[in-house]
Amino acid sequence: MMQGNTYPPIARQEPTPTTLHGHILEDNYRWMRDKSSPEVIAYLEAENAYTTSVMAGSEELQAKLYAEMLSHIKETDESVPYRQRGWFYYVRTVEGSQYSIYCRRKANGANFDQAQPEEILLDVNRLAEAQPFMSVGAMAVSPDNTKLAYSTDNTGFRQYTLHIRDLQTGSDLPDTAARIGSVAWAADSRTLFYTTEDEVTKRHDHLFRHRLGDSPESDVLVYEEKDERFNIGVGKTRDNRYLLLEAGSHTTSECRFLSSTTPEGEFKLIAPRLEEQEYSVDHRKGLLYIRTNDAGKNFRVVTAGIETPERDFWEELIPLDVDAPLEDFDVFESFCVCSRRRLGLPTLTVIEFDGVKDLGKSTEIEFPEPVYSAATSMNPEFNTRKLRYSYQSLVSPASIYDYDLQNGTSALLKQQEVPGGFDSSRYASERIWVEASDGVKIPASVVYKRDSFKRDFKNPLYVYGYGSYGYALPIGFSATRLSLLDRGVVIAYAHIRGGGEMGDSWHDAGKMMVKRNTFSDFIAVTEQLVAKGYGARDRVAIEGGSAGGLLMGAVVNQRPDLFRVVLSHVPFVDVMNTMLDASLPLTVAEYEEWGNPNEPEAFHYMRSYSPYDNLKAGEYPAMLVKTSLNDSQVMYWEPAKYVARLRTLKTNDTPLLLHINMDAGHGGASGRYDYLKEIAFDYAFLLKQLGVVD
């Protein structure tokens, strides 16, 4: 392995214990929380210097990996245009430019016409000039097509500023607002609704109404959400008739609506929030279509009239399916779409309406591979007879299709072009089921290169996991992943409890007081992949980020002998200290995911797996831990404290590296070329540790 000549930085220890429920939480590194401290910045820079030193000698490999990944990306490219109110919108990239360019062309009837002049709505490369980071958040074109409301973040802290662009002149208006989230236009194209976040906790809790030309100080506060567990968002129904104000926690939601033609009116509540009940809303022909879990975890669809939206008037349209959770529901003028999960894989069922509220013909779109991702795509038009959807797999590049209800067929509009000699037939994917420690069957998705794969217990094996928030790991194509597959690495994705692959019940089985299921599931998947010959016992790499970084810390504490190398991105590892600080972003809202440690039972359970609090003396695998200084979700000090403490405890000489991006946030670098370099850095570390040498 690459070795530098310097020693790792040794962090100063300053004991600041916390006593709660009769136990002491030891913390010698709380001083790292002071982002303004020159000592903190100097320490982080010393960690970066040490990482650079240890990685010295890998520059050639990093450059080779970067060149490979770049060779598989069509640098100048364009998305499939979608139609909205007489325009076709699309996004394109240009070779050498870091960011996307948002464009449109006037529609020629129902057709996209390349001869129509292009209008550039937003060139993010221009916005990013002289900025170390740039991210675009909300984007909404006004109903009259003449203005664009958009938001930008130039630090990575996910603190967005509102801008409104005059699309006829290309100039931004003086109208602006700070710390905004979602936006929605009223029908008059002069009134804009937007949400804002609390400056400290970053909870979206206020809805304002802005009139173009007015000063932000005169914007009207329409709604304030006072429950600290809830965030709010504003949007519109697909038919654009109603504005929607949604409020939701991790387990409960409610929605209000307002005619988009009367923006100064009052939002009307559909159904008051009830604990553990969630619902989402759309509108068609005087009826509200409501996807709700009021009758069970797998959701059903009900309807209600605009004048009587309360629960007492809900009428069932699509019943709950105990075998297939209803993940999403889309409503159009003449049809609707049920997005479900069956055995962890997505399905799309198109159902035509027969009259105002009755259902007619139903068709499930077929997908050809054993492991894949599929979802409805950009479908802003309400009055259409075509459904646009996306499809991809571990071996098939991302594709966009139109399903035509008239003839019942799907037409491929575009498949992601993968230059550099890619041939999908050279790769194979599998879906396997693994038995967890309590007997539950856990799915895992595996991909490998055909000519280098044998179940001979010799392959380098890379296992990725997340398992939180009900988030289902997307099983999609990755051009960057080819650099591992082409070197014989077998890649697996563990669909462990805590995720959403099997619906809300799967999520519930891996959160709160059963969170440890997530970790034991991941260990079981890794062990059985090795036992089945997919990988060598001493060549296992694992990766996870954010809550997946918690997973990395927890499984390494439990089974450090099982893994050879760990990549941990922006890891949530200081569970106890973070969840005891209600002033931090996300903490209070996250009580419904992890538990509230101010309660004794939750405290003891969370403490039993918190990675920072369960470090102990012993041997650990090689580890690369990455964070960003401006991360607003997992603060930089969590991984910094974790690495500092681990350095005092590990007894072997495997590398333990901390890399801090000093100009980014939770997602790392914002530019696409910079992001590729970050991946090349990670892969160089991983491949060297696995003994995969070119």
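1. Strands, as the term is used in this note, are DSSP runs of E with at least two residues, numbered from the N terminus. The coordinates belong to a predicted model.

2. Phe112 lies in a loop, with strand 6 (101-106) before the loop and strand 7 (118-123) after it. With a relative accessible area of 28%, Phe112 is partly exposed, because this value falls between the limits of 20% for buried and 50% for exposed residues. Setting aside residues up to four places away in sequence, Phe112 touches Glu78, Pro81, Phe88, Tyr90 and Arg105. Between the C-alpha atoms of Phe112 and His283 the separation is 28 Å, and these residues stand 171 residues apart along the chain.

3. Thr251 also occupies a loop, here the one that links strand 16 (242-248) and strand 17 (253-259). A relative accessible area of 6% is under 20%, so Thr251 counts as buried.

4. Which residues are in contact with Thr251, once its neighbours within four places in sequence are left aside? They are Glu276, Gln277, Glu278, Lys511 and Glu592. With Glu592 there is a polar contact between the two side chains, at 3.3 Å.

5. Strands 23, 24, 25 and 26 form an open sheet in that order, with antiparallel pairing. Its edges are strand 23 (326-331) and strand 26 (358-364), each of which pairs on one side only. On average, neighbouring strands of the sheet are turned by 25° against each other, direction ignored.

6. Within this sheet, antiparallel strands 24 (residues 335-342) and 25 (residues 345-354) are joined by eight bridges. Val337 has Val350 of strand 25 opposite.

Methods
Residues are numbered from 1 along each chain as its sequence is written. This is a predicted model: local features need pLDDT of at least 70, side-chain atom pairs count only at pLDDT 80 or more; totals for chains, interfaces and linings use all residues. Side-chain values use heavy atoms; hydrogens and water are left out. Helices (H or I, at least four residues) and strands (E, at least two) are DSSP runs, numbered from the N terminus. Buried means under 20% relative accessible area, exposed over 50%, partly exposed in between (1.4 Å probe, protein chains only). A polar contact is a pair of N or O atoms within 3.5 Å; within protein, one must be able to donate a hydrogen and the other to accept it, and residues adjacent in sequence count only if both atoms are side-chain atoms. Contact means heavy atoms within 4.5 Å. Two strands pair if DSSP finds at least two bridges between them. Axes are lines fitted to C-alpha atoms, for helices over the stretch in contact, and angles run from 0 to 180 degrees between N-to-C directions.
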